Structure formats: C-alpha cells, structure tokens
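Let's walk through a fold together, one feature at a time. Keep the viewer open while we talk.

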Amino acid sequence: MTIALPIRPAADAPAYYSPSANECSLFERAWARRLPLLLKGPTGCGKTRFVSHMAAKLGLPLSTVSCHDDLAAADLTGRYLLMGGDTVWVDGPLTRAVREGGICYLDEIVEARKDVAVVLHPLTDDRRILPLERTGEQLAAPASFMLVVSYNPGYQNLLKSLKPSTRQRFVAIEFDFLPKSDEIAVVSAESGLADAQVAPLVELARRIRALKGHDLEEGASTRLLVYCASLIDAGVPVREAVLAAMIAPLTDEPDVKTALTELADSLI
Ligand code: ADP
C-alpha cells in the first residue's frame, strides 16, 4: 500500500537563518581578516545552518565534514586511490576548500583523531598553508578561504576536549537556543505549522532543557522541535509526534521517559 502525502520541497538555496545576536557581522569580519572561527553550542541549535547561510551570503563554496572518532587527517587532506589501474591523488574536503578558496566547516571537531590538529595548525595561524606530505605540495590558502569548526561543550569530557594550543587559534562564537518567540518563528517557518500550534511545543522543549544535567545529557534541540512540528503538519496526532520526536530520541531510561511524558501531557 502506498500513502500519498504532500511533500514539502527541500530548499535549493539555504533556508533562512534567524540570528540571535551579532554573529553574522562577526563572521563576515573574521572572514575579511582571514581569521578562523570556532562555534560552540549544544547540538541542533543552528550552528550548521548559520555556516551555510553565511557561505551563501558571501558567495563561497562550502565543504562540511561531520567529524567522528575514526576521522584522520588523510580524510581531510586526500589520498592516492587506485582508479582503473592508475594511482590518482584525490583531494579531501579540506584541500578542496583551500584550492577553491571556500569555507571548510568541521562539525564536532573534538571527535576527530589527534593527527587532524597537526594539519589544522599551519592553516590557522598567519602562515595559512596546507602542507600535503604525500604529494609534496604546500598549498597557500587564498584570501577567501576560511576554516570554521564547531564543538558541543556539553559533551566534553577529559578525553575529548579541545587542547588550548588548538582552541587558542580560533575566534569563538557561543551559541545557545533562540529566545522563545524567535524559536517559535523558526520552527513554524521550517515545518509549516502555525505559530499557535508551535508555541506549546517550544514551551515543552524549554522545560525539558531545564532538566538537562539531572537525568538528561542533552535537552530537546530546535532540530527535534522542527521534526515534531513537521510530523504534526503532516497529520500525525500531536501526542504521538511529541513522543516520537521530542521524548524517545532523548532517553532510553523508562523512568525519565515517563517523567517527560507527564510533563508533555501537562502542556500539550
Ligand atoms: P547544529 O549544527 O547546531 O547541530 P543545525 O544548524 O543543524 O544545528 O540546526 C538544526 C535545525 O534547526 C536546522 O536545520 C534548522 O531547521 C533549525 N534552526 C536552528 N536554529 C536556527 C536559526 N537560528 N535559524 C533558522 N533555523 C534554525
């Protein structure tokens, strides 16, 4: 059986970004002065959207890499690959961004392996070079190249934190969830659901965020709010959507789930 549902088209151009302070002008000026940028903040609060918005605004190509614990320097710089019997050098996303003079965005940089820092250091000081040991090249980054990295201090532990020698190479912008009325506007714009129906969901998310640190590692993000509102806009009953998009992804603990469900039932 197939169910025909109206599909909201994905936007070609990056969707709008609702600023929370002066981060757009700070980004632009950092870019103009060739300074690398570090974005700090909880997951799903708009960091990736901000970078794609700024890349489009500045007319720059953007390479985004989601870092993980197996990501090594060669995944960013490139490797020799066997192609039809020949060995061919293939640029990684960082090398491509340097050659093109675009923005390279490394999301959750603390997850990456330690050798990544070695590659980033000469790019993030006044040398602005990317040495490619394997090819013997030394690429000088053009003026328009910018390195942007992000991390979530909430996940930080002793093993995974940015070393001072790395973090002190970046201008840092701190992100947090938007004020209530702005978050309602964003979730409504992203999902198509009316403000009045989004408002209690945002209130619930804010209450859940207040519980962070007690029984929850992370609160409900704007991303989860967008998912929840999108499900409701697609016809899923409100309570079902809240359970699926705002509660189940947050916890595996039955007691915590019950407490969050009771909180949801009191608000929606
Ligand atoms: P992060 O990179 O911080 O994990 P994202 O940028 O992917 O988070 O944000 C998740 C989603 O939340 C976005 O896809 C977008 O729908 C929405 N969002 C969050 N903040 C904003 C904002 N300030 N303006 C527009 N959309 C936002």
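What follows is a short dialogue on the sheet, the helix packing and the ligand shell.

Q: Before we start, what kind of model is this, and how are residues numbered?

A: It's a predicted model, where local features need pLDDT of at least 70, side-chain atom pairs count only at pLDDT 80 or more, and totals for chains, interfaces and linings use all residues. Residues are numbered from 1 along each chain as its sequence is written.

Q: How do I read the sheet, and in what order do its strands come?

A: Helices (H or I, at least four residues) and strands (E, at least two) are DSSP runs, numbered from the N terminus. Two strands pair if DSSP finds at least two bridges between them. Here five strands make an open sheet, ordered 2-5-8-1-9, with parallel pairing. Strand 2 (62-66) and strand 9 (171-174) are at the edges with a single partner strand each, so one side of each has no neighbour in the sheet. From one strand to the next, the twist averages 20 degrees.

Q: How many bridges join strand 5 and strand 8?

A: Four: strand 5 (residues 103-107) and strand 8 (residues 146-151) pair in the parallel sense. To find the register, look for cysteine 104, which sits opposite leucine 147 in strand 8.

Q: Now helix packing. At what angle do helix 8 and helix 9 pack?

A: Axes are lines fitted to C-alpha atoms, for helices over the stretch in contact, and angles run from 0 to 180 degrees between N-to-C directions. Helix 8 and helix 9 pack at about 145 degrees, their axes 10 Å apart. Their crossing is right-handed (the near helix is turned clockwise from the far one by less than a right angle).

Q: Which residues make that contact between helix 8 and helix 9?

A: Contact means C-beta atoms, placed from the backbone, within 7 Å. Helix 8 brings Gln197, Val198, Leu201, Val202 and Ala205, and helix 9 brings Leu225, Cys228, Ala229 and Ile232. For classes, Ala, Val, Leu, Ile, Met, Phe, Trp, Tyr, Cys and Pro count as nonpolar, Asp, Glu, Lys and Arg as charged, and the others, Gly among them, as polar. That gives eight nonpolar, one polar and no charged residues in the contact of helix 8 with helix 9.

Q: Where does helix 10 meet helix 11?

A: Val242, Leu243 and Ile247 of helix 10 touch Lys257, Leu260, Thr261 and Ala264 of helix 11. By class, that contact has five nonpolar, one polar and one charged residues.

Q: Last one: which residues are closest to the ligand?

A: A residue is near a molecule if its C-beta atom, placed from the backbone, lies within 6 Å of it. The ligand is surrounded by 15 residues, the closest being Gly46, Lys47, Thr48, Arg49 and Arg223. Helix 2 (47-58), helix 7 (180-191) and helix 9 (222-233) each give at least two residues to the shell. The shell has five nonpolar, six polar and four charged residues.

Terms used
Contact = placed C-beta atoms within 7 Å.
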